[in-house]
Amino acid sequence: MQVLFLVLNDLSYLDKVLEKFVELKLRGATILDSEGMAQAIMKNEGLFGALLGGPFAKSSITQGSSKTIFTVIPEEEKVKVVVEEIRALIGEAHKNGAGFMFTLPVSGIFPIKHKE
């Protein structure tokens, strides 16, 4: 069992990614608003901007926000399929940094329910 994290920087792909999740019969996902470190530093351009320059220069930051989507996938073989499908979908992106994915093992899921 794995949890797949997708950090999506190019939000124009969000609807297509969610449609692909439904098509692949993923049971659910959680979507968080997120922000990369470079963007957070750029918000406070003062001292950090002056000191860091280079890769944190304003021209290299093209988008202010991102979405982090995560979903637990019980079947190991399905993880590979989902990753391949999402890479094919987002691989169409014309710019670098459209997003990235990673997985982590899940040792258990523990639902929390109200006492009856």
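Here is a walk through this predicted model, from the overall layout to the core, one helix, a loop and a pocket.

Let's start with the whole chain. It holds four helices and four strands, and reading along the sequence gives the pattern β-α-β-α-α-β-α-β. There are 116 residues, of which 29% count as buried. Now look at who touches whom: among contacts with a separation of 6 or more, 84% are between residues 24 or more positions apart.

Leu-4 is a handy example of that kind of long reach. This residue sits in strand E1, and its C-alpha lies 7.0 Å from that of Met-101, although the two are 97 residues apart in sequence. Leu-4 counts as buried because its relative accessible area is 2%, and the cut-off is under 20%. If you set aside neighbours within four places in sequence, the contacts of Leu-4 include Ile-69, Phe-70, Thr-71 and Ile-73, then Val-82 and Val-83, and also Met-101, Phe-102 and Thr-103.

Next, the middle of things. The largest nonpolar core has 17 residues, and the ones with the most contacts inside it are Leu-6, Leu-8, Val-17, Phe-21, Val-82, Ile-86 and Ile-90. Four elements each supply at least two residues of this core: strand E1 (2–8), helix H1 (14–23), strand E3 (66–73) and helix H4 (76–90). H4 gives the most, with five residues. To see how the pieces meet, pick Phe-21: leaving aside neighbours within four places in sequence, it is in contact with Leu-26, Ala-29, Ile-69, Thr-71, Val-82 and Ile-86.

Phe-21 also brings us to H1, which is worth a closer look. Which residues of H1 are buried? They are Leu-14, Val-17, Lys-20 and Phe-21, so a lysine shows up in the list too. Seen down the helix axis, the buried residues of H1 fall within an arc of 125 degrees, so they line one face. The spacing fits a general rule: an α-helix has 3.6 residues a turn, so residues three or four places apart point the same way. On the inward side, the buried residues of H1 pack against E1, E3 and H4. Turn to the face that points away from the buried side and you meet the exposed residues Asp-15, Glu-19, Val-22 and Glu-23.

Just past the helix there's a backbone detail to check. H1 is followed by Lys-25, which has a positive phi; the value is near 60 degrees, in a residue other than glycine. Lys-25 is placed in the loop between H1 and strand E2 (30–34). Is this residue buried or exposed? Lys-25 counts as exposed because its relative accessible area is 66%, with the cut-off being over 50%.

Lys-25 turns up again in the lining of the second largest pocket. That pocket holds about 180 Å³ of space. Its lining residues are Met-1, Lys-25, Leu-26, Arg-27, Gly-28, Thr-71, Val-72, Ile-73, Pro-74, Glu-75, Lys-78 and Ile-109. E3 contributes the largest share of that lining, with three residues. Sorted by class, the lining has six nonpolar, two polar and four charged residues. Two names tie back to earlier stops: Leu-26 and Thr-71 line this pocket and are also among the contacts of Phe-21.

Technical notes: Residues numbered from 1 in each chain as written. Predicted model: local features only at pLDDT ≥ 70, side-chain atom pairs only at ≥ 80, totals over all residues. Heavy atoms only, no water. Core = buried A, V, L, I, M, F, W, Y, C linked by side-chain atoms within 4.5 Å. Buried < 20%, exposed > 50% of the residue type's maximum accessible area, 1.4 Å probe, protein only. Contact = heavy atoms within 4.5 Å. Arc of directions from axis to C-beta. 1 Å grid on protein atoms, 1.4 Å probe; cavity = no way out; pocket = protein on both sides within 12 Å on 5 of 7 lines; lining within 4 Å. Points joined across faces, edges and corners; volume = space filled by probe spheres on them. Nonpolar A, V, L, I, M, F, W, Y, C, P; charged D, E, K, R; others polar.
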